[in-house]
Structure formats: structure tokens, C-alpha cells
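User: Please pick one part of this model and take me through it slowly, from its surroundings outward. I'm a first-year student and would like plain language.

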Amino acid sequence: MADPIPPASVPPHDEEQVPVLDDALKSGARTMSEQVIPLVEETATIGKRQVVTGRVHVQTVTDTMDEVAKANVQRESVEVTRVPVDRVVESAPEIRTEGDLTIVPIVEEVLVVEKRLVLKEELHIRRRVETETVEVPVTSRKQRALVERTDPDDSSGSA
């Protein structure tokens, strides 16, 4: 608590009369009186506002570039060779595969004194895969942005 007596450095016109308990006791009527001392408090308010510090003009530009796109494509072709066999068989042989060669038997019934299966020919089918690089011209587009900063007081730009 502060001392009710002001320091000597305070000028006399700033002094405020502060009642002292001793003064109240010295009065002749010996009655206690009550005094109200107002308390004051300061508060601070902080506000903000928008300020234009500059303007920006943004424009997009589309550039086109002609390029050649490359890709590997595969083409599959078959080669059919007829191989004559002319052999009598008891039953029709199955289709079989030997490596990349598929053999399809071709049978024929021939009328003789007795009926026999004669293997007339085989189809030998060889599979070949070829890889070829093709080049196709294509046009691609790429956009870029042009940004220009202007003075906030310049009224020629739109905000």
C-alpha cells in the first residue's frame, strides 16, 4: 500500500487532501464518517482496417509447341507352312505346340476296302513379334502467367 503522504518531489498544487484516521479521531464529536474514493481504470481498444498497398494485374498466355511423340508399338504376324505327311493314323492327332510353333493336324477319311485315317498334312504356324518405333507429330500447349504490380494510387488498373 502506498504511503498517504506524498513525496517531497510532488508540487503542492498536485496534492489532494487525503483524510487521515488521526484527523477523524481528533474531532470533537468522535463520530466516524465514511468517504468514497473513486477508482479509475483505463482500457485500450485495438482496431484494424484494410489499406491498399498495391495492385496486381494477372494475365495468362498460352504457348504452343510442336513436338514429336515417340512410342513403341508391336505387330504380330503369322506364317503358315503346309507340310505334307500322307501317313495312316488310328485316331485324329491333337493340336500341339512346340516352342513358338503350333501344329494343327489335318485329317481326311479315304474310302478303300477299309476305312483308314490318313494324315494328309500339318499346318505349322509360327508366331513372330516385331517391335517398331513410330513418330507422330503432336501439338502441346502450356500456359504461363504474367504478373504486373502497380502503384495503389494508379486508377488505370481494375481491382
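Analyst: **One residue and its surroundings**

Let's start with Glu 108: if we skip its neighbours within four places in sequence, Glu 108 is in contact with Arg 116, Leu 117, Val 118 and Lys 120. Keep in mind that this is a predicted model. Glu 108 itself sits in strand 3.

Now, is Glu 108 buried or exposed? Neither label quite works: with a relative accessible area of 37%, Glu 108 is partly exposed. To be called buried it would have to be under 20%, and to be called exposed, over 50%.

One name in that contact list deserves a second look. Glu 108 and Lys 120 form a salt bridge, and their closest N and O atoms are 3.7 Å apart. This pair joins distant parts of the chain, since Glu 108 belongs to strand 3 (residues 101–111) and Lys 120 to strand 4, twelve residues apart. Lys 120 also counts as partly exposed, at 33% relative accessibility.

The story doesn't end with two partners, though. Asp 86, Glu 108 and Lys 120 are linked in a network of salt bridges. Who is this third member? Asp 86 lies in strand 1, and it is exposed because its relative accessible area is 53%, which is over the 50% cut-off. Asp 86 has another quirk: its phi is near 50°, a positive value in a residue other than glycine.

Let's step one place along from Lys 120, to Glu 121. Its C-alpha atom and that of Glu 108 are separated by 9.4 Å, with the two residues 13 apart along the chain. Glu 121 has a salt bridge too: its side chain meets that of Arg 82 at 2.8 Å, N to O. Here again distant parts of the chain are linked, with Glu 121 in strand 4 (residues 115–150) and Arg 82 in strand 1 (residues 55–89), 39 residues apart. How do the two ends of this pair sit, buried or exposed? Glu 121 has a relative accessible area of 19%, so it falls under the 20% cut-off and is buried. Arg 82, at 59%, counts as exposed.

Next comes Glu 122. It forms a salt bridge with Arg 96, and the closest N and O atoms are 3.4 Å apart. Because Arg 96 is in strand 2 (residues 96–98) and Glu 122 is in strand 4, this pair ties together parts that are 26 residues apart in sequence. Glu 122 counts as buried at 9% relative accessibility, while Arg 96 is partly exposed at 33%.

How many salt bridges does the structure hold? The answer is eleven, and the ones above are among them.

For a change from all that charge, here's a nonpolar spot. Val 56, Val 58 and Val 147 form a nonpolar patch on the surface, and together they have about 260 Å² of accessible area. One of them, Val 56, is placed in strand 1. Val 56 is partly exposed, with a relative accessible area of 42%.

To pull it together: Glu 108 is partly exposed and shares a salt-bridge network with Asp 86 and Lys 120. Further along strand 4, Glu 121 pairs with Arg 82 in strand 1, and Glu 122 pairs with Arg 96 in strand 2.

How values were computed. Residues are numbered from 1 along each chain as its sequence is written. This is a predicted model: local features need pLDDT of at least 70, side-chain atom pairs count only at pLDDT 80 or more; totals for chains, interfaces and linings use all residues. Side-chain values use heavy atoms; hydrogens and water are left out. A salt bridge is a side-chain nitrogen of Lys or Arg within 4 Å of a carboxyl oxygen of Asp or Glu. Helices (H or I, at least four residues) and strands (E, at least two) are DSSP runs, numbered from the N terminus. Buried means under 20% relative accessible area, exposed over 50%, partly exposed in between (1.4 Å probe, protein chains only). Patches are made of residues with over 30% relative accessible area and no salt bridge: like charges are joined within 9 Å, nonpolar side chains (Val, Leu, Ile, Met, Phe, Trp, Tyr) within 5 Å. Accessible areas come from the Shrake-Rupley method with a 1.4 Å probe; for residues, only the protein chains shown count as cover. Contact means heavy atoms within 4.5 Å.
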